Amino acid sequence: LQFLYFIAFHTISKTMPRCFIAAKKALTLVNARFVDATWTLKNPSEGREVFKTSRLPGAVYFDFESLCGEITDKTGRHPLPEFEKFHKWIEACELQKTDTIITYGSAAARIWWMLFTLGYEDVNILEGGRPAWEKNGGSIETTEPVQYKGKPIEVSNLWPSVTVQREEVLSFEKIVDCRSKERFESTPEKPCPQDPKPGHIEGAVNHPFSSNFVEDGSEILPIDRLRQHCEATLSGVPIDNTVVYCGSGVTACVTSAAMVHTGLGLPRMYIGSWSEWSKFN
């Protein structure tokens with residue numbers, strides 16, 4: 001059953017190339033739903049405080065830290081939440097599968113991945129985030145956030161079919177590390193403070209999530225260049241034999257979205273990523 005679900009997502013990803021949306025395009029959409037995923041590792045509560053005072057029109061808040069699973073000595077920094085908890089959040093926000101959903105903020109790709117892999121076909125990451133929205137004349141809501149009443153929404157848990165466990169990672173032909181080059185190439189002599197231990201998973205290739213964007217990070221690479229970039233990383237390996245990871249399952253979602261956006265399909269995701277792997281290896 002899980003295999004069939006994965007094939008279904010593989011098909012969706014090939015027929016649904018748009019995963020990123022420019023601010024100018026977003027401004028033309030009517031009735032789009034916004035998800036504010038503003039979050040910082042140093043101050044996790046800052047995003048919610050900003051959301052309380054200002055946000056894109058009608059936005060709901062994705063509280064990344066509270067919508068992670070329990071952290072144990074066997075998990076990475078940001079495990080997936082229990083599906084039931086996330087499902088309740090979806091219902092509370094009234095996010096329906098027929099909605100056009102636009103995510104923004106530093107955790108925008110994570111919520112994109114969480115929704116897309118549950119069958120939400122029209123969910124998009126806002127290129128350049130809130131700054132690009134405002135720069136292009138988009139309005140900002142400064143009244144109280146909209147209080148949605150909540151409604152039942154049917155969603156099935158498909159995450160097991162698109163994620164892999166630590167024991168499965170090395171069975172994939174292509175393992176893609178989406179951290180920066182400095183983190184990927186770190187050694188005991190040249191450690192990086194973001195990671196508990198230096199190094200990377202054996203046999204992995206580096207595809208920094210930032211390399212999917214133009215130099216200033218304001219927009220995704222042109223589609224032809226982005227596809228060439230992703231194809232160079234895959235080097236002929238089928239997407240269903242590819243797994244992506246990062247530090248804790250956040251920025252790998254950017255590269256996952258980039259591959260879907262170009263029509264290459266959806267790679268598997270190792271959510272535990274380096275923060276989990278390095279505990280055991």
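Student: Why are helices α5 and α10 called oblique to each other?

Tutor: In this predicted model, α5 (residues 108-116) and α10 (residues 252-261) pack at an angle of about 55°. Angles under 35 degrees count as roughly parallel, and 65 to 115 as roughly perpendicular. The value of about 55° falls in neither range, nor is it over 145, so the pair is oblique.

Student: What else describes the packing of α5 and α10, beyond the angle?

Tutor: Two packed helices are described by the angle between their axes and also by the distance between the axes. For α5 and α10 the axes are 8 Å apart. The crossing of α5 past α10 is left-handed.

Student: Which residues of α5 and α10 meet?

Tutor: From α5 come Ala109, Arg110, Trp112, Trp113 and Phe116; from α10 come Cys253, Val254, Ser256, Ala257 and Val260. Eight of the residues in this contact are nonpolar, one is polar and one is charged. Arg counts as charged and Ser as polar, so Arg110 is the charged residue and Ser256 the polar one.

Student: How many helices and strands does the chain have?

Tutor: There are 11 helices and nine strands.

Student: What makes the chain as compact as a globular protein of its length?

Tutor: Its radius of gyration is 18 Å, and the globule rule gives 19 Å for 281 residues; the two are close, so the chain is called as compact as a globular protein of that length. Along its principal axes, the C-alpha trace spans about 50 × 40 × 40 Å.

Student: How much of the chain counts as buried?

Tutor: Of the 281 residues, 53% do, the cut-off being under 20% relative accessible area.

Notes
Residues are numbered from 1 along each chain as its sequence is written. This is a predicted model: local features need pLDDT of at least 70, side-chain atom pairs count only at pLDDT 80 or more; totals for chains, interfaces and linings use all residues. Side-chain values use heavy atoms; hydrogens and water are left out. Axes are lines fitted to C-alpha atoms, for helices over the stretch in contact, and angles run from 0 to 180 degrees between N-to-C directions. Helices (H or I, at least four residues) and strands (E, at least two) are DSSP runs, numbered from the N terminus. A crossing is left-handed if the near helix is turned anticlockwise from the far one by less than a right angle, and right-handed if clockwise. Contact means heavy atoms within 4.5 Å. The radius of gyration is taken over C-alpha atoms; the globule rule is 2.2 Å times the number of residues to the power 0.38. Buried means under 20% relative accessible area, exposed over 50%, partly exposed in between (1.4 Å probe, protein chains only).
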